[in-house]
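Student: I've got a protein model to look at and no idea where to start. Can we go through it together?

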Amino acid sequence: WAATYEANGLTDFYLPSRFELLMCYLAAPQLFKKEGYYWSSSQSSRNGAWCQAFVYGSSYGSGKGNALRARPVRTIQL
């Protein structure tokens with residue numbers, strides 16, 4: 001889904017890793033809803049990926065078939 005996301009004519013989005021997701025939240029918490037979990041691209045198992053909740057600061061591995069939030073990101077060259 002994130003690889004096909006398009007915004008403002010930009011198409012180079014991807015699903016962030018567990019660490020990138022946390023760094024994005026720390027840099028711009030207003031862009032994230034506090035309730036619910038967000039997917040990361042970091043695998044927790046063969047059929048699972050790490051998810052992050054920002055209201056409690058917890059993360060856990062969830063089955064990839066579950067419906068959770070996602071925040072597409074893109075790399076910005078500095």
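What follows is a chat about the strands, the core, the pocket and a few single residues of this predicted model.

Student: Let's begin with the strands. How do strand 1 and strand 2 pair, and over how many bridges?

Tutor: Find strand 1 at residues 37-45 and strand 2 at residues 48-53. The two form a hairpin with 2 residues between them. To see one facing pair, look at Tyr37, which stands opposite Ala53 in strand 2. The pairing is antiparallel, over 5 bridges.

Student: Strand 2 also pairs with strand 3, right after that. Which residue in the turn of that hairpin has a positive phi?

Tutor: Strand 2 and strand 3 pair in the antiparallel sense over 5 bridges, and Gly48 stands opposite Gly63 in strand 3. Their hairpin has 5 residues between the strands. In that turn, a phi of about 80 degrees belongs to Gly57.

Student: How many residues of strand 2 are buried?

Tutor: Strand 2 pairs with strand 1 and with strand 3. Strand 2 runs over residues 48-53 and is mostly covered. Of its 6 residues, the number buried is 5.

Student: Now a residue in strand 3. Is Ser59 buried, partly exposed or exposed?

Tutor: Ser59 sits in strand 3 and touches Arg18, Trp50, Cys51 and Gln52, leaving out residues up to four places away in sequence. Its relative accessibility is 28%, and the band between 20% and 50% is the middle one, so Ser59 counts as partly exposed.

Student: How far apart in space are Lys64 and Asn47, C-alpha to C-alpha?

Tutor: Lys64 is found in the segment after strand 3, and with 43% relative accessible area it is partly exposed. Leaving aside residues up to four places away in sequence, Lys64 touches Trp39, Gln43, Arg46, Asn47, Gly48 and Ala49. So Asn47 is on the contact list, since contact means heavy atoms within 4.5 Å. Along the sequence Lys64 and Asn47 are 17 residues apart, while their C-alpha distance is 6.0 Å.

Student: On to the inside. Which residues make up the largest nonpolar core?

Tutor: In soluble globular proteins, nonpolar side chains tend to be buried together. Here, Tyr25 touches Phe32, Lys34 and Phe54, not counting residues up to four places away in sequence. The largest nonpolar core has 5 residues in all, and they are Leu21, Tyr25, Phe32, Tyr38 and Phe54.

Student: And is there any empty space? How much lies in the largest pocket?

Tutor: Rolling a probe the size of a water molecule over the atoms shows where empty space is left. In this model, the space in the largest pocket comes to about 270 Å³.

Student: Which residues that line the largest pocket are closest to its centre?

Tutor: The lining has 14 residues. By class, 10 are nonpolar, 1 is polar and 3 are charged. Closest to the centre are Cys24, Pro72, Val73, Arg74 and Ile76.

Student: Let's zoom in on Val73, then. Is Val73 buried or exposed?

Tutor: Val73 lies in the segment after strand 3. Leaving aside neighbours within four places in sequence, it is in contact with Asp12, Phe13, Tyr14, Pro16 and Cys24. Val73 has a relative accessibility of 12%, and the cut-off is under 20%, so Val73 is buried.

Student: How far is Val73 from Leu15 in space?

Tutor: Along the sequence, Val73 and Leu15 are 58 residues apart. Still, the chain brings them to a C-alpha to C-alpha distance of 6.3 Å.

Student: What about Ala70? Which residues does Ala70 touch?

Tutor: Ala70 is also found in the segment after strand 3. At 31% relative accessible area, Ala70 is partly exposed. Setting aside residues up to four places away in sequence, Ala70 touches Trp1, Leu15 and Tyr38.

Student: Last one. Which residue has a positive phi although it is not a glycine?

Tutor: Look in the segment before helix 1, which covers 18-27. The residue there has a relative accessibility of 81%, over the 50% cut-off, so it counts as exposed. Its phi is about 55 degrees, and its name is Asn8.

Conventions:
Residues are numbered from 1 along each chain as its sequence is written. This is a predicted model: local features need pLDDT of at least 70, side-chain atom pairs count only at pLDDT 80 or more; totals for chains, interfaces and linings use all residues. Side-chain values use heavy atoms; hydrogens and water are left out. Helices (H or I, at least four residues) and strands (E, at least two) are DSSP runs, numbered from the N terminus. Buried means under 20% relative accessible area, exposed over 50%, partly exposed in between (1.4 Å probe, protein chains only). Two strands pair if DSSP finds at least two bridges between them. On a 1 Å grid over the protein atoms alone, a cavity is a set of points where a 1.4 Å probe fits but cannot get out, and a pocket is an open set with protein on both sides within 12 Å along at least five of seven lines; lining residues have an atom within 4 Å of a point. Grid points are joined across faces, edges and corners, and a volume is the space filled by probe spheres set on the points. Ala, Val, Leu, Ile, Met, Phe, Trp, Tyr, Cys and Pro count as nonpolar, Asp, Glu, Lys and Arg as charged, and the others, Gly among them, as polar. A nonpolar core is a set of buried Ala, Val, Leu, Ile, Met, Phe, Trp, Tyr and Cys residues joined through side-chain atoms within 4.5 Å.
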